Amino acid sequence: MKYKAIIFDLDGVICHTDQYHYQAWKALTERLHIPFDETINNRLRGVSRMQSLNIILEKSKKQYTALEKEAFAEGKNKIYRNLLAGMTPDDLSDEVRKTLKALKSKGLKLAIGSSSKNTPIILHQIGLGDFFDAVSDGNNITNSKPDPEVFLKASAMLKLAPQECLVVEDAVVGIEAASRGGFFSAAIGDAQTCKSATYVLHHFGDLLNI
Ligand code: G6P
Ligand code: MG
């Protein structure tokens, strides 16, 4: 591999917390009688909590105040946190675990670049609390993807230039953020059809062939 580091998105790349986001938003939309499906959910990938709520409310007939919106986002996060509380190291697949270890043993620096404020909790739950060389997440950024801020902060933490890093993403806006920031990118899952990605991964383990 010609890169010095890999910056991973978390939800939908390292673990399947994207499904928990979906379940938690689904509970809110059912309560508010707003249509919600996987297509809408895919637009929430990589997008901050508040921006995600605004996308969901596009389908609402009612207008809500800023205070009401805050309460909705908090309620969703509560449901989501309850789902996260049930996660264990078994929620990290063998493929992801083995691939991460193999990449690390090749001397690559490994980092997280996620828009989620729950990143530290998730990493702790799946047993990766101390694994990464840098963690850049929703707690240290002001602009979420497609803005490249979260990846630029991760590469700065690693003291590397964007051109030396590969970003792995399942969000279309994440691939866009990578290219805007001058990073190479590998698309997985929902982002696989994204034409601007440098590589397409059919499996996480394909990273070992780059
Ligand atoms: C990730 C997910 C998004 C989510 C965002 C904020 O980027 O892909 O769907 O909205 O994080 O997550 P948070 O845990 O802070 O609500
Ligand atoms: Mg993601």
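Let us start inside the protein: leaving out residues up to four places away in sequence, Ile-14 touches Phe-8, Asp-9, Leu-92, Val-96, Leu-100, Ile-112, Ile-126, Leu-128, Phe-132 and Phe-204. Please keep in mind while reading that this is a predicted model.

## The nonpolar cores

Ile-14 belongs to the largest nonpolar core, which has 32 residues. Together with Phe-8, Leu-100 and Phe-132, Ile-14 touches the most other members of that core. The elements that each supply two or more residues to this core are β1 (5–8), α1 (17–32), α4 (66–85), α5 (94–105), β2 (109–113), α6 (119–125) and β4 (165–169). Helix α5 gives the most, with three residues. The core also crosses the domain assignment, drawing at least three residues from each of domain 1 (5–15 + 90–209) and domain 2 (18–84).

Apart from this core lies another one, made of 16 residues, among them Leu-32, Ile-34, Ile-55 and Leu-57.

Ile-55 turns up again as a partner of Ile-40. Ile-40 sits in helix α2 and is buried, with a relative accessible area of 10%. Setting aside neighbours within four places in sequence, Ile-40 is in contact with Pro-35, Ile-55 and Lys-59. For the pair Ile-40 and Lys-59, the separation is 19 residues in sequence and 9.9 Å in space, taken from C-alpha to C-alpha.

## Salt bridges

The count of salt bridges comes to eight. Four of these pairs are worth a visit, and the table gives their closest N and O atoms.

| Basic residue | Acidic residue | Closest N to O |
|---|---|---|
| Lys-145 | Asp-9 | 3.0 Å |
| Arg-45 | Asp-18 | 2.9 Å |
| Lys-153 | Glu-149 | 2.8 Å |
| Arg-45 | Asp-170 | 2.7 Å |

What does the salt bridge between Lys-145 and Asp-9 tie together? Lys-145 is in the loop between β3 (134–136) and α7 (149–157), while Asp-9 is in the loop between β1 and α1, so the pair links parts that are 136 residues apart in sequence. Are these two charged residues buried or exposed? Lys-145 counts as buried because its relative accessibility is 1%, under the 20% cut-off. Asp-9 is buried as well, with a relative accessible area of 4%. Asp-9 is also one of the residues that Ile-14 touches.

The bridge between Asp-18 and Arg-45 joins helix α1 to the loop between α2 (38–43) and α3 (49–57), so this pair ties together parts that are 27 residues apart in sequence. Both Asp-18 and Arg-45 are buried.

The partners Glu-149 and Lys-153 both lie in helix α7, four residues apart, about one turn of the helix. Glu-149 is buried at a relative accessible area of 11%, whereas Lys-153 counts as partly exposed because its relative accessibility is 33%, between the 20% and 50% limits. Elsewhere, salt bridges that share partners join Asp-9, Lys-145 and Glu-169 into one network.

## Where the two domains meet

The domain assignment divides the chain into domain 1 (5–15 + 90–209) and domain 2 (18–84). Their C-alpha centres lie 24 Å apart. The contact between them takes 16 residues from domain 1 and 14 residues from domain 2. Between them, the two domains bury about 1100 Å², with 46% of this area on carbon and sulfur atoms.

Which residues of domain 1 lose the most area to domain 2? They are Asn-118, Ser-144 and Asp-190, which together account for 35% of what the domain 1 side buries.

Polar links are part of this contact too. Between domain 1 and domain 2 there are nine residue pairs in polar contact. On the side of domain 1 that touches domain 2, α6 gives the most, with three residues. Helix α6 is also among the elements that give two or more residues to the largest nonpolar core. As for salt bridges, the count between the domains is one. Arg-45 deserves a second look here, since this residue forms salt bridges with Asp-18 and with Asp-170.

Key:
Residues numbered from 1 in each chain as written. Chains lettered and ligands numbered in written order. Predicted model: local features only at pLDDT ≥ 70, side-chain atom pairs only at ≥ 80, totals over all residues. Heavy atoms only, no water. Core = buried A, V, L, I, M, F, W, Y, C linked by side-chain atoms within 4.5 Å. Buried < 20%, exposed > 50% of the residue type's maximum accessible area, 1.4 Å probe, protein only. Domains from an automatic or database assignment. Contact = heavy atoms within 4.5 Å. Salt bridge = Lys/Arg side-chain N within 4 Å of Asp/Glu carboxyl O. Buried area = accessible area lost by both parts, 1.4 Å probe. Polar contact = N/O pair within 3.5 Å; in protein donor to acceptor, adjacent residues only side chain to side chain.
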